[in-house]
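Biologist: I am new to this structure and would like a close look at a single part, the place where the two chains meet. Could you take me through that part slowly, and then set it against the chain as a whole?

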Number of protein chains: 2
Amino acid sequence: MSRFSFNQITAKLWDLPDLVAGCVEAGVDKVALWREPVAEHGLERSARLVRDAGLSVTTLCRSGFFQLPGWYDDNRRAIDEAVALDTSVLVLVSGGLPEGSKDIAGARLHVADAIGQLAPYAAGAGVTLAIEPLHPMYAADRCVINTWDQAMAIAAQHPAGQVGVTVDTYHLWWDDTVLEKIARAGERIAIYQLADWITPLPEGVLTGRGLPGDGCVDMRAFHEAVEKAGYTGPIEVEVMNAGLWERPGREVLDATLTAYRSVF
Amino acid sequence: MSRFSFNQITAKLWDLPDLVAGCVEAGVDKVALWREPVAEHGLERSARLVRDAGLSVTTLCRSGFFQLPGWYDDNRRAIDEAVALDTSVLVLVSGGLPEGSKDIAGARLHVADAIGQLAPYAAGAGVTLAIEPLHPMYAADRCVINTWDQAMAIAAQHPAGQVGVTVDTYHLWWDDTVLEKIARAGERIAIYQLADWITPLPEGVLTGRGLPGDGCVDMRAFHEAVEKAGYTGPIEVEVMNAGLWERPGREVLDATLTAYRSVF
């Protein structure tokens, strides 16, 4: 339990103050926050709220979206927000293809270039950019970085600690080569997130993820690989599930804790 | 146009006799057939129908599903059906995880073993087994072979001509390494199928594919790679799309022809 972190999106509709109180009550001392609800509550207020409750923020989710105009300024702001929340990890979802484009190779080069432009600022702020390879089913509309290899190739252009990779079981489980690569990734693992793969996928394929243990991902195999890499940081449970979101926040947190304990 | 083949699933609800007549009328001389509608019309009757119309059958879709009990006998039957239809290519969709399993590595080993068991019978029948890597979003429930590399690794255990790989743009387009690998695949390319990637994906992610040109796949880049490999065989358009299926078969064929011409 000492490594568990509750990712805010798992209880998307839970107000931040209630979420913070619920975590404290449940003995959870780590959370991952999302930019939108933080902005809604106010950045400084959110930072004070979690700090006063004795919670630490494992990651800020999420920045990136490099296909959009204004990506540079928006990502600089996200780095500033990470600093304000006293978290050292900013998760990057790199964005899909520009509207109407068929040039995925070009989009991928742009992502590498954009991260190169942001890395010095992030490094100065003490924030690690955690490139998240998203499942290939998101390649068109959410993220053109879809494999461990792609994310590592970009990260490798920068010092470890400045640019790393997000291990998310949901996005990577299908890859027959990924476990051995994770095991060799050492300090490139910036954060480790759990969600399970369940079917059928819902329309839009965004909100049909399972709590750890509910699907077909071999969580123990992932965990072994991450341990072999020497990663000892927080383990976030990050599950987007429309059914889960309908339940009261505290119930979601409890279900998440039960699921987490069941796989470790 | 001389390489175009109309894959029956694109007009799923079109009766086989109407489909055959429609193809002849439109000047299309190649079709890919599916096992279920062929069985419904009768195997010998279907074979006679297409033969008498002067059509050739580019592939029989599809066998595999190695996670099911009875896979061996069913795949032998599929090979016999391919022979009856006078096609030399049987497309293999390798099947998902067995019910309740989290052992995807084990499932993949089983697929390789199963294909090894079938290859001699297929070779004796003059039928090439065309392993189809399916998009990683189908890894759990439809096919544990999800990348070009996985399919090629299995095919490479057998002589070319006995076991090959299906190039389907829909399943492979996201892979940043695939085009160069296809270009080097030579005679391992057993069949080449076109469908485009459009979003949002529908529930179940099966029936939301686009006609070539309607989505974000760079069809010209794929075509270049397949040409470099030296493949000169048929080009099937195989699109599963719920909206398309609601239209009259002849309209679907015409739309498919227009789409095909637009990308070449």
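Modeller: In this predicted model, the contact draws 31 residues from chain A and 31 residues from chain B. Between them, chain A and chain B bury about 2300 Å², and 64% of that area is on carbon and sulfur atoms. On the side of chain A, three residues stand out, since A:K102, A:W173 and A:W174 supply 25% of the area that chain A buries against chain B, more than any other three residues. As for secondary structure, the elements of chain A that give two or more residues to the side touching chain B are α5, which covers 104-125, and β8, which covers 196-197. Sorted by class, that side of chain A has 14 nonpolar, nine polar and eight charged residues. Although charged residues are present there, the rule finds zero salt bridges across the interface of chain A and chain B, whereas eight residue pairs, both partners at pLDDT 80 or more, are found in polar contact across it.

The arrangement of the two copies can be described just as plainly. A rotation of 180° with 0.0 Å of shift along its axis superposes chain A on chain B, with an RMSD of 0.0 Å, and that is the relation of a two-fold axis. Among the residues of chain A, A:E203 comes closest to this rotation axis, its C-alpha lying at 2.0 Å. Of the interface residues of chain A, 100% are also interface residues in chain B, so the copies meet through the same surface.

Turning from the interface to the chain behind it, chain A has 11 helices and 10 strands. Its radius of gyration is 17 Å, close to the 18 Å that the globule rule gives for 264 residues, so chain A is as compact as a globular protein of that length. Along its principal axes, the C-alpha trace of chain A spans about 45 × 40 × 35 Å.

A few details of the backbone are also worth finding on the display. A cis peptide bond with an omega of about -5° joins A:T199 and A:P200, and A:P200 lies in the loop between β8 and β9, the latter covering 209-210; β8 is one of the elements already named for the side that touches chain B. Another cis peptide bond, with omega about -5°, joins A:C61 and A:R62, and A:R62 has its place in strand β3, residues 56-64. Finally, A:D86, in the loop between α4 (71-84) and β4 (89-93), has a positive phi of about 60° although A:D86 is not a glycine.

Key:
Residues are numbered from 1 along each chain as its sequence is written. Chains are lettered from A and ligands numbered from 1 in the order in which they are written. This is a predicted model: local features need pLDDT of at least 70, side-chain atom pairs count only at pLDDT 80 or more; totals for chains, interfaces and linings use all residues. Side-chain values use heavy atoms; hydrogens and water are left out. Contact means heavy atoms within 4.5 Å. Buried area is the accessible area (1.4 Å probe) that two parts lose on being put together, summed over both. A salt bridge is a side-chain nitrogen of Lys or Arg within 4 Å of a carboxyl oxygen of Asp or Glu. A polar contact is a pair of N or O atoms within 3.5 Å; within protein, one must be able to donate a hydrogen and the other to accept it, and residues adjacent in sequence count only if both atoms are side-chain atoms. Helices (H or I, at least four residues) and strands (E, at least two) are DSSP runs, numbered from the N terminus. Ala, Val, Leu, Ile, Met, Phe, Trp, Tyr, Cys and Pro count as nonpolar, Asp, Glu, Lys and Arg as charged, and the others, Gly among them, as polar. Copies are superposed by least squares on the C-alpha atoms of residues with pLDDT of at least 70 in both. The radius of gyration is taken over C-alpha atoms; the globule rule is 2.2 Å times the number of residues to the power 0.38.
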